[in-house]
Amino acid sequence: MFSEMFLKLWDNGLIQLGVWETVYMTVLSTALSYCIGLPLGVILNITDKEGIQPLPLLNRILGLIVNFFRSIPFIILMVAMLPVAKLIVGVSLGNKAMIVMLVIAASPYVARMVESSLKEVDAGVIEAAQSMGTNNLQIVWKVLLPEAKPSLITGAVISMVTILGYSAMAATIGGTGLGQIAISYGHQRFNPDVTWCCVFLTVIIVQIIQEAGNRIARRTDKRYRA
Amino acid sequence: MSEKVLEIEHLVKRFDDLTVLNDISLDVHEGEVIVVVGPSGCGKSTLLRCINALEEIQGGEIRLKGEAVSKKSRNLPEIRQKIGMVFQSYELFPHLNVLDNITLAPTKVQKRSREEAAEEALALLSRVGLQEKAGSFPRQLSGGQKQRVAIVRALCMHPEILLFDEVTAALDPEMVREVLDVILGLAEQGKTMIIVTHEMQFARAVADKVIFLDEGVIKEEGDPDQFFDHPKTERAKEFLRTFTFERKHSHS
């Protein structure tokens, strides 16, 4: 029923390793992308002309940089950023380098997700906070981020699934994980069952991320829960 | 006369080319209740928003106990703590329960201890009949309850002056009363307040002074009985007529 290749991969634990590598790359890249993207998104939101600290010039410059990185297709960005990866982690191959690439590609995306989540926070509530004398830092920490929490979590789930997709593409230039198994053992050596197994496992991972994210988001949302 | 809490001198507010408030001057003394009435779009709400520096002003000056209130003031957060504002649509923090809504600013802005702020919040809540709602979230409350919480939230900051911006306009009729009763109670305690409202009976009962605002200028100001019974200007008469109803033809 299964091809010889599939059984060999399975018995040697390579598929299991692929799952682990994919999960590891995705989670670590998402976490690092939020380290950059979350503050960037907050700055984009508050320096907007409707924000609590309008700084049009800074907003324009940051917006341009974010748009620049977001408009490059990931596969091209990856190739272009190989020297940067080498500079940061010393290698341009393997998962360490792939994580650098994923973070470069995902941070601007995360920043826009965060920015739009924060935009949903009711302006009236922010004014109420201002009218009580809160300063901008307190508004960010005590009003903007807490009020946007459910939306931020939903955004993080979407970002994570996107990064998972990117991580599979990284296989084409030397990344590992399920993407690499599907391409080199499934596609290139004509073992469709290996490819489909990778597809199936990816779907499961996405489902788990999505379901866990939904639960956390629901728990933090105090607006509608009866 | 008691001490001046708020002084407004020649205030001008423009949105681009549109002048919304034109040369407004007004003094509010300690313990005084000023009610601002006028047709929609006359600038009533904008006036309150200017007093709290939620809007930038284009001319004139606003001072709270001698300190300039302006979006450009360096100590704006400190001044704003002394100006309580209650909004038409409550503006409670949806993700915080009632108690945390009230104690957020006292603990984070005024750096008061959580215990002390919570104790005062509960005392104030029980005064407005909501002590058992301390742990509820805003979505679990009726409009009237939300607005009473919003009033308590403003009171807990110990403001020098309270601003009420059409606080009953979004409420069902039977909830208007419970909110207005709270405000009447505050007036009796001698709180200094500026109230923008469309409830004329209430205005008359609560006001020490009525301001009639129309097209961005103060058309009339004075004693409430005088204003409601014998308005001086034709514009005010016309405005007050919109609140009375008569049948032209009775059934025979």
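Which residue forms a salt bridge with Glu127(A)? The partner is Arg49(B), and the closest N and O atoms of the two are 2.6 Å apart. A salt bridge here is a side-chain nitrogen of Lys or Arg within 4 Å of a carboxyl oxygen of Asp or Glu.

Before going on, some ground rules. This is a predicted model, where local features need pLDDT of at least 70, side-chain atom pairs count only at pLDDT 80 or more, and totals for chains, interfaces and linings use all residues. Residues are numbered from 1 along each chain as its sequence is written, chains are lettered from A and ligands numbered from 1 in the order in which they are written, and side-chain values use heavy atoms, with hydrogens and water left out.

**Where the chains meet**

Across the interface of chain B and chain A, the rule finds one salt bridge. The contact (heavy atoms within 4.5 Å) takes in 24 residues of chain A and 23 residues of chain B. On the chain B side, Phe93(B), His95(B) and Arg139(B) lose the most area to chain A, together 33% of what that side buries. Between the two chains about 2,100 Å² is buried, and carbon and sulfur atoms give 61% of that. Buried area means the accessible area (1.4 Å probe) that two parts lose on being put together, summed over both.

**Salt bridges in chain B**

Over all chains, the structure holds 26 salt bridges. Here are some from chain B:

| Acidic residue | Basic residue | Closest N to O distance |
|---|---|---|
| Glu30(B) | Lys65(B) | 3.9 Å |
| Asp225(B) | Arg204(B) | 3.1 Å |
| Glu238(B) | Arg235(B) | 3.9 Å |

Take Glu30(B) and Lys65(B): Glu30(B) sits in the loop between β2 (18-29) and β3 (33-37), and Lys65(B) in the loop between β4 (59-64) and β5 (67-68), so the pair ties together parts that are 35 residues apart in sequence. Helices (H or I, at least four residues) and strands (E, at least two) are DSSP runs, numbered from the N terminus. Glu30(B) is partly exposed at 37% relative accessible area, and Lys65(B) is partly exposed too, at 35%. The cut-offs: buried is under 20% relative accessible area, exposed is over 50%, and partly exposed is in between (1.4 Å probe, protein chains only).

Glu238(B) and Arg235(B) are three residues apart in helix α9 (residues 234-241), so about one helical turn separates them. Both also belong to a network of salt bridges that links them with Asp214(B), Glu215(B) and Lys219(B).

**Over in chain A**

Leu32(A) lies in helix α2 (residues 14-46) and is partly exposed, at 37% relative accessibility. What about Ala106(A), is that residue buried or exposed? Ala106(A) is buried, at 1% relative accessibility, and its place is in helix α6 (residues 94-119). Although Ala106(A) and Leu32(A) are 74 residues apart along the chain, their C-alpha atoms are separated by 9.3 Å. Leaving aside neighbours within four places in sequence, Ala106(A) is in contact with Ser33(A) and Ile163(A).

**And the cysteines?**

How many disulfides does the structure hold over all chains? The count is zero, where a disulfide is a pair of cysteine sulfur atoms within 2.5 Å. For Cys197(A), the nearest cysteine sulfur is that of Cys198(A), 5.6 Å away. Cys197(A) is buried, with a relative accessible area of 13%, and Cys156(B) is buried as well, at 0%.
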